[in-house]
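The following exercises are to be worked through with the sequence and the model at hand. Each task is followed by a solution in steps.

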Amino acid sequence: MEKRSMVREYDSQPSFDNIKQESPGSRTDNNEAKTSQNQNGQPLKSLDVSDLESKFIQKARKKIRLFDPEGIYQFKGSAIPYYQSFLHLISLLVSLYLIAYYFAVIIFSELEHLDGVGNTSYLTTIDKLFMVTLAALTVFKLKKLISVKITHYDVRYKLALAANGFNRIVINLVKFSIYFLALALFIIGLDHPNETILGAFDRLGNGVIADSLTFFSWIVTTLIFVKAFKHFGKE
């Protein structure tokens, strides 16, 4: 009986010595831990980065980018040194000049002076349509880039992204011009195996093949502009 009474007394008077008391600080930590979950309800996990990986990331942040608009966008949170901004400005001006010269050559190469008539353009409706589309796309993307605020060093970031975008357009246009010329000469060579190189160049400006190749070149040129302006105006 004494043992039963002792058990009853023990059960009826539980001890609170082993219960851990929560301090206000620990409650705050718990609340912060609960809020550090993503929208799917899964807790966020810390990413373990080795020393080599950390050095690689630091090196990538400090890399000078002149033809990589995607890289500029990915590291938009990193400060851009002023000397890099100077390089971006110079390269941007050069690229704008080259792009303007590229389209000026296309326009003026199709002009012909006729006595009593004046200058006559042989640009087709498709040529004019694509040129207007590219001009409108460029203005639209530049407006989006200017209007959106990204970082506290906003001007340097936008200058870097604009420079890399237009520089990329120049590089891709040069590459495409080489590939396009090789492809055009190859196609003409298949249809006219005995044609000379000068004759093949003459055929590039006339005939059904020339019209098809011109339309194809405008499609690729438009894709080059769209890809280069992909990150313009993105937050």
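**Exercise 1. The nonpolar core**

How many residues has the largest nonpolar core, and which of them have the most contacts inside it?

*Solution.* The model is a predicted one: local features need pLDDT of at least 70, side-chain atom pairs count only at pLDDT 80 or more, and totals for chains, interfaces and linings use all residues. Residues are numbered from 1 along each chain as its sequence is written, and side-chain values use heavy atoms, with hydrogens and water left out.

Step 1. Fix the term. A nonpolar core is a set of buried Ala, Val, Leu, Ile, Met, Phe, Trp, Tyr and Cys residues joined through side-chain atoms within 4.5 Å. Buried means under 20% relative accessible area, exposed over 50%, and partly exposed in between, with a 1.4 Å probe and protein chains only.

Step 2. Count the members. The largest nonpolar core has 29 residues, and I99, F103, I169 and F225 have the most contacts inside it.

Step 3. Assign them to elements. Two or more residues of this core come from each of α4 (69-74), α5 (82-109), α6 (125-147), α7 (154-191) and α9 (207-228). The largest share, 10 residues, is that of α7. Helices (H or I, at least four residues) and strands (E, at least two) are DSSP runs, numbered from the N terminus.

Step 4. Examine one member. Residues up to four places away in sequence being left out, F225 touches I99, F103, L134, L137, T138 and I169. Contact here means heavy atoms within 4.5 Å.

**Exercise 2. Two helices compared with their expected span**

Describe the span and the burial of α3 and α5.

*Solution.* Step 1. The expected span of a helix is 1.5 Å times one less than its number of residues.

Step 2. Helix α3 covers residues 51-62, and its first and last C-alpha atoms lie 17 Å apart, close to the expected 16 Å. This helix is hardly covered, with 1 buried residue among its 12.

Step 3. The 28 residues of α5 should span 40 Å, and the distance between its end C-alpha atoms is 40 Å, so the two agree. Its buried residues are Q84, S85, H88, S91, L92, S95, I99 and F103. An α-helix has 3.6 residues a turn, so residues three or four places apart point the same way.

**Exercise 3. Two polar residues of α9**

Is S217 buried or exposed, and with which residues is S217 in contact?

*Solution.* Step 1. S217 is found in helix α9. Its relative accessible area is 13%, and therefore S217 is buried.

Step 2. With neighbours within four places in sequence left aside, S217 is in contact with F176 and F180.

Step 3. Repeat the procedure for T222, which also lies in α9. T222 has a relative accessible area of 17% and is therefore buried. On the same exclusion of neighbours within four places in sequence, its contacts are F130 and L134.

**Exercise 4. Pockets and the cavity**

Which residues lie nearest the centre of the largest pocket?

*Solution.* Step 1. On a 1 Å grid over the protein atoms alone, a cavity is a set of points where a 1.4 Å probe fits but cannot get out, and a pocket is an open set with protein on both sides within 12 Å along at least five of seven lines; lining residues have an atom within 4 Å of a point.

Step 2. Of the 25 lining residues of the largest pocket, E110, F180, L204, T214 and S217 lie nearest its centre. The pocket holds about 920 Å³ of space; a volume is the space filled by probe spheres set on the points, and grid points are joined across faces, edges and corners. The largest share of its lining, 8 residues, comes from α9.

Step 3. The second largest pocket has a volume of about 250 Å³. Its lining includes F67, D68, R168 and H231, and α9 gives the most to this lining, with 4 residues.

Step 4. The count of cavities of 30 Å³ or more is 1. The largest cavity has a volume of about 120 Å³. Among its 16 lining residues, R61, R65, I72, F75 and I80 lie nearest the centre, and α3, α4 and α5 each supply at least two residues of the lining.
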